[in-house]
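Here are my notes on the model you sent. They are set out as numbered points, to be read with the sequence and the coordinates open.

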Amino acid sequence: MQKVAKESFRVLKKGKICAIMMGDVRKYGKVIPLGFRMMECFLQAGFTNKEIIIKEQHNCRSTDYWENQNNEFLLLAHECIFVLQK
């Protein structure tokens, strides 16, 4: 993702906006914050953060499965939209 962030920064004109949507995942019972890790790559490439929009996820393919399990964790029912500026 660092390569993508650097190339995006290189090709984007000064003052223009880049928006990326990313959801987090859960692996082995632990949340992996992919969205914020990705945002950090873009910030390190030189972008500034204009907005973070939290979008509710609808019609998730795995919701029915997870709601019927005896889980000790909450469903990941959101995605993040990062609005970044060069």
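1. How many bridges join β1 to β5, and do the two strands run parallel or antiparallel? There are 6 bridges between β1 and β5, and the two strands run antiparallel. One residue pair to look at is M21 and its bridge partner in β5, I81. Please keep in mind throughout that this is a predicted model.

2. Overall layout. The protein has 3 helices and 5 strands. Read from the N terminus, the order of elements is α-β-β-β-α-β-α-β. Among contacts in the protein with a separation of 6 or more, 73% are between residues 24 or more positions apart.

3. Burial and surface. The protein has 86 residues, and 21% of them count as buried. Its accessible surface is about 6,600 Å², with 53% of that belonging to carbon and sulfur atoms.

4. The other partner of β5. Besides β1, strand β5 pairs with β4: 8 bridges link β4 and β5, again in the antiparallel sense. E56 has H78 as its bridge partner in β5. The strand β5 itself covers residues 78–85, and β4 covers residues 48–56. Because 6 of the 8 residues of β5 are buried, this strand is largely enclosed by the rest of the structure.

5. E79. This glutamate lies in strand β5. Is E79 buried or exposed? E79 counts as buried because its relative accessibility is 16%, and the cut-off for buried is under 20%. Leaving out residues up to four places away in sequence, E79 touches M21, M22 and G23, as well as I53, I54, K55 and Q57.

6. The largest nonpolar core. Which residues make up this core? There are 12: A5, C18, I20, M38, M39, C41, F42, A45, F47, C80, F82 and L84. At least two residues each come from β1 (17–22), α2 (34–45) and β5. The helix α2 gives the most, with 5 residues. As background, nonpolar side chains in soluble globular proteins tend to be buried together.

7. M39. This methionine is one of the core residues. Apart from neighbours within four places in sequence, M39 is in contact with N49, I52, F82 and L84. Of these, F82 and L84 belong to the core as well, while I52 lies in strand β4.

8. I52 and the surface patch. I52 counts as partly exposed because its relative accessibility is 36%. Together with F36 and I54, I52 forms a nonpolar patch on the surface. The accessible area of the three residues together is about 270 Å². I52 thus has a place in this patch and also a contact with the core residue M39.

9. I54. Like I52, this residue is found in strand β4. Is I54 buried or exposed? I54 counts as exposed because its relative accessibility is 54%, and the cut-off for exposed is over 50%. Not counting residues up to four places away in sequence, I54 touches H78, E79 and C80. Its C-alpha atom is separated by 9.7 Å from that of G23, and the two residues are 31 residues apart along the chain. Both I54 and G23 appear among the residues that E79 touches.

How values were computed. Residues are numbered from 1 along each chain as its sequence is written. This is a predicted model: local features need pLDDT of at least 70, side-chain atom pairs count only at pLDDT 80 or more; totals for chains, interfaces and linings use all residues. Side-chain values use heavy atoms; hydrogens and water are left out. Helices (H or I, at least four residues) and strands (E, at least two) are DSSP runs, numbered from the N terminus. Buried means under 20% relative accessible area, exposed over 50%, partly exposed in between (1.4 Å probe, protein chains only). Contact means heavy atoms within 4.5 Å. Accessible areas come from the Shrake-Rupley method with a 1.4 Å probe; for residues, only the protein chains shown count as cover. A nonpolar core is a set of buried Ala, Val, Leu, Ile, Met, Phe, Trp, Tyr and Cys residues joined through side-chain atoms within 4.5 Å. Patches are made of residues with over 30% relative accessible area and no salt bridge: like charges are joined within 9 Å, nonpolar side chains (Val, Leu, Ile, Met, Phe, Trp, Tyr) within 5 Å. A salt bridge is a side-chain nitrogen of Lys or Arg within 4 Å of a carboxyl oxygen of Asp or Glu. Two strands pair if DSSP finds at least two bridges between them.
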